[in-house]
Amino acid sequence: MRMFDIYVHTVTQNYLRFDGRMSRAEFWWFALCNFLIILAIVLLAGLLTGGLQSHSLLGSLFMIVYGIYVLAMLLPSLGAEVRRLHDTGLSGWLVLLNLIPYLGGLIVLILLAMPAKPDGAKYGAYYDSAS
């Protein structure tokens, strides 16, 4: 499955799904695609307006687009993180560690990179393997 297919599947069919599991490869392809879209918005804003801090109408428009995208991706990203934690056999509530500045995000990043464990089966099936 290609990166963009995984991204679309996660955003459209698993938008509010916090149960089940997500494989490590699917999570990281989703995260990479999400990062590349954000990077494209920021780079376009910088190239077309002279920087995100420019006081132009176009710069403001890009900031609005960026804000809408980030808000729209909040729940799918949280759901993907929770399902990935489930695959490692951990509770999805560990995603709340992201609220701890600096250290919490690093801990969650390490947990998301862990391989799948047999304990993860108690959280259900893989919903993201669209084949």
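Biologist: Where is Ser-77 found?

Modeller: In this predicted model, Ser-77 sits in helix α4.

Biologist: And why is Ser-77 called buried?

Modeller: Its relative accessibility is 18%. Buried means under 20%, so Ser-77 falls on the buried side of the cut-off.

Biologist: What makes the link between Ser-77 and Met-73 a polar contact?

Modeller: A polar atom of the Ser-77 side chain lies 2.8 Å from the backbone oxygen of Met-73. The limit for such a pair is 3.5 Å, so 2.8 Å is within it.

Biologist: Which residues does Ser-77 touch, neighbours within four places in sequence aside?

Modeller: Phe-30 and Asn-34. Both of these are among the buried residues of α2.

Biologist: Let's stay with α2, then. How do you know that the length of helix α2 agrees with its residue count?

Modeller: Helix α2 covers residues 24-49, which is 26 residues. At 1.5 Å a residue, helix α2 should span 38 Å, and its end C-alpha atoms are 37 Å apart, so the two values agree.

Biologist: Which residues of α2 are buried, and what do they pack against?

Modeller: The buried ones are Glu-26, Phe-27, Phe-30, Cys-33, Asn-34, Ile-41, Ala-45 and Thr-49. The buried residues of α2 pack against α1 (3-12), α3 (57-72), α4 and α5 (103-113).

Biologist: On to the rings. How many aromatic pairs are there?

Modeller: The count comes to three.

Biologist: Why is the pair of Phe-4 and Tyr-7 called stacked?

Modeller: The ring centres are 6.1 Å apart, and a pair needs them within 6.5 Å, so Phe-4 and Tyr-7 qualify as a pair. Their planes meet at 25°, and under 30 degrees counts as stacked, so that is the label for Phe-4 and Tyr-7.

Biologist: Where do Phe-4 and Tyr-7 lie relative to each other along the chain?

Modeller: Both are in helix α1, three residues apart, which is about one turn of the helix. Phe-4 is partly exposed at 48% relative accessibility, whereas Tyr-7 is buried at 8%.

Biologist: What makes Tyr-7 and Phe-30 a stacked pair?

Modeller: The same kind of check. Their ring centres are 5.8 Å apart, within the 6.5 Å limit, and their planes are at 20°, under 30 degrees, so Tyr-7 and Phe-30 count as stacked. This pair links distant parts of the chain: Tyr-7 is in helix α1 and Phe-30 in helix α2, 23 residues apart. Phe-30 is buried, with a relative accessibility of 2%. Phe-4, Tyr-7 and Phe-30 together form one aromatic cluster.

Biologist: Now the charged residues. How many salt bridges are there?

Modeller: Four.

Biologist: How do you know that Asp-87 and Arg-84 form one of them?

Modeller: Their closest N and O atoms are 2.6 Å apart. The cut-off is 4 Å, so the Asp-87 and Arg-84 pair passes. Asp-87 and Arg-84 are three residues apart in helix α4 (residues 74-87), so about one helical turn separates them.

Biologist: Are Asp-87 and Arg-84 buried or exposed?

Modeller: Buried: Asp-87 has 1% relative accessibility and Arg-84 has 0%, and both values are under the 20% cut-off. Arg-84 and Asp-87 are also linked with Arg-21 in a network of salt bridges.

Biologist: Why does Arg-2 with Asp-5 count as a salt bridge?

Modeller: The closest N and O atoms are 3.6 Å apart, and that is within 4 Å, so the rule is met. Arg-2 has a relative accessible area of 57%, over 50%, so Arg-2 is exposed. Asp-5, at 34%, counts as partly exposed.

Biologist: And what makes Arg-17 and Asp-19 a salt bridge?

Modeller: Their N to O distance is 3.6 Å, so this pair is within 4 Å too. Arg-17 is partly exposed at 26%, and Asp-19 is partly exposed at 38%.

Biologist: Last one: why is Ile-107 called partly exposed?

Modeller: Ile-107, in helix α5, has 33% relative accessibility. That lies between the 20% and 50% cut-offs, so "partly exposed" is the right label for Ile-107. Ile-107 and Val-95 are 12 residues apart in sequence and 9.5 Å apart in space, C-alpha to C-alpha.

Definitions and conventions: Residues numbered from 1 in each chain as written. Predicted model: local features only at pLDDT ≥ 70, side-chain atom pairs only at ≥ 80, totals over all residues. Heavy atoms only, no water. Salt bridge = Lys/Arg side-chain N within 4 Å of Asp/Glu carboxyl O. Buried < 20%, exposed > 50% of the residue type's maximum accessible area, 1.4 Å probe, protein only. Helix = DSSP H or I, 4+ residues; strand = E, 2+ residues; numbered from the N terminus. Polar contact = N/O pair within 3.5 Å; in protein donor to acceptor, adjacent residues only side chain to side chain. Contact = heavy atoms within 4.5 Å. Expected span 1.5 Å × (residues − 1). Phe/Tyr/Trp six-rings, centres within 6.5 Å; stacked < 30°, edge-to-face > 60°.
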